[in-house]
Amino acid sequence: MSRRNRKDVDRYVSHIPEKEKTSRGYQISVLYNEAGDYETAKRYLASYISTRENVPQAHKLMGQILESSKNKEDAIESYKRSFQLDSKQKDLLLKICELYGSLKNIDPERAKERVMSGANFEDLEDFYAKQLAKNYTEVNLHTKLIDLYLSEDKVGNAYRHTVDVEKTLAFVDNIVWYENISRVFQVCIKYQTG
């Protein structure tokens, strides 16, 4: 059966007994999503989620459907729910950040709080490491990683990261970077004398 044609999907679904449509709502939703019928996909998936709230794949699929429907804010919420249920989905953290970044009229601090609320330290550290691997010379990413370390009292990690970056001479003329160094060293001094 071709899953790209809405008529074929309708025909296939019509052969499924009514009492099974909710339990098979995820699979049906996948088919309608592939056919580009997002409203029908959303309806079947919502029915499925109503009986199986803790299935992370269902919330991720809902996020994909909502994103395809240009409903980014609701897509973010579905992706966040999926991530809360299964935090091993590192790609979702990136997707959530990407969608927040594409929204107009959103306060960056509010967006940060929303993203951070669904992630633990290891997830965030991994996220920043991946972003830095792509764009090492983005001082704001280094700043965010240092902020994460300091907020979690990982002063040694903040110090090592700062020293390692400084050895590369990547930010010789960047005042923001030197403010980071100063801040980390001040915290280190407090820890040593404290």
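**Helices, core and salt bridges of the predicted model**

Buried residues account for 37% of the 194 residues in the protein. The structure described here is a predicted model. The protein contains 12 helices and 0 strands, and the order of its elements from the N terminus is α-α-α-α-α-α-α-α-α-α-α-α. Of the contacts in the protein with a separation of 6 or more, 49% are accounted for by residues 24 or more positions apart. The exposed area of the protein is about 11,500 Å², and carbon and sulfur atoms supply 48% of this area.

The interior was examined next. The largest nonpolar core holds 47 residues, and those with the most contacts inside this core are Tyr32, Leu45 and Trp177. Helix H10, which spans residues 139-151, contributes the largest share of the core, with 7 residues. For Leu45, when neighbours within four places in sequence are left aside, the residues in contact are Gly25, Tyr26, Ser29, Ala58, Leu61, Met62 and Ile65.

One polar residue, Asn180, also deserves a description. Asn180 is placed in helix H12, and this helix covers residues 175-193. Asn180 counts as buried because its relative accessibility is 3%, and the cut-off for a buried residue is under 20% relative accessible area. Not counting residues up to four places away in sequence, Asn180 touches Val139, Thr143 and Ile146.

Helix H11 consists of residues 155-168 and includes Val163. With a relative accessibility of 22%, Val163 counts as partly exposed. Val163 and Ile181 are 18 residues apart along the chain, and their C-alpha atoms are separated by 8.3 Å.

At the surface, Leu169, Val172 and Tyr178 make a nonpolar patch of about 280 Å². Tyr178 belongs to helix H12 and counts as partly exposed, at 32% relative accessibility. Leu169 lies in the loop between H11 and H12. The relative accessibility of Leu169 is 56%, so this residue counts as exposed. Leu169 is not a glycine, yet its phi is positive, at about 60°. A positive phi is also found at Asp153, a residue other than glycine, where the value is near 60°. Asp153 is located in the loop between H10 and H11 and counts as exposed, with 53% relative accessibility.

Charged pairs were considered separately. Side chains of opposite charge can pair when their charged atoms come close. The structure holds 12 salt bridges. In one of these, the side chains of Arg81 and Glu53 meet with an N to O distance of 2.9 Å. Arg81 lies in helix H6 (residues 72-85), whereas Glu53 lies in the loop between helix H4 (38-51) and helix H5 (56-68), so the pair ties together parts that are 28 residues apart in sequence. Arg81 is partly exposed, with a relative accessible area of 24%, and Glu53 likewise counts as partly exposed, at 36% relative accessibility.

Another salt bridge is formed by Lys95 and Glu67, whose closest N and O atoms are 3.0 Å apart. This pair links distant parts of the chain, since Lys95 is in helix H7 (residues 90-102) and Glu67 is in helix H5, 28 residues apart. Lys95 counts as partly exposed, at 21% relative accessibility. Glu67 is partly exposed, with a relative accessible area of 21%.

A salt bridge within one helix is formed by Asp126 and Lys130. The closest N and O atoms of Asp126 and Lys130 are 3.4 Å apart. Both residues lie in helix H9 (residues 121-134), at a separation of 4 residues, or about one turn of the helix. Asp126 counts as partly exposed, with 26% relative accessibility, and Lys130 counts as partly exposed, with 37%. Salt bridges also link Arg6, Asp10 and Asp37 in a network.

One annotated segment was compared with the model. The UniProt record, an unreviewed entry, places the feature "repeat: TPR" at residues 56-89. In the model, the span of residues 56-89 is 79% helix and 0% strand, and the C-alpha atoms at its ends lie 9 Å apart.

Methods: Residues are numbered from 1 along each chain as its sequence is written. This is a predicted model: local features need pLDDT of at least 70, side-chain atom pairs count only at pLDDT 80 or more; totals for chains, interfaces and linings use all residues. Side-chain values use heavy atoms; hydrogens and water are left out. A nonpolar core is a set of buried Ala, Val, Leu, Ile, Met, Phe, Trp, Tyr and Cys residues joined through side-chain atoms within 4.5 Å. Buried means under 20% relative accessible area, exposed over 50%, partly exposed in between (1.4 Å probe, protein chains only). Helices (H or I, at least four residues) and strands (E, at least two) are DSSP runs, numbered from the N terminus. Contact means heavy atoms within 4.5 Å. Patches are made of residues with over 30% relative accessible area and no salt bridge: like charges are joined within 9 Å, nonpolar side chains (Val, Leu, Ile, Met, Phe, Trp, Tyr) within 5 Å. Accessible areas come from the Shrake-Rupley method with a 1.4 Å probe; for residues, only the protein chains shown count as cover. A salt bridge is a side-chain nitrogen of Lys or Arg within 4 Å of a carboxyl oxygen of Asp or Glu. UniProt positions are given in the numbering used here, feature names are shortened, and annotations may be inferred rather than shown by experiment.
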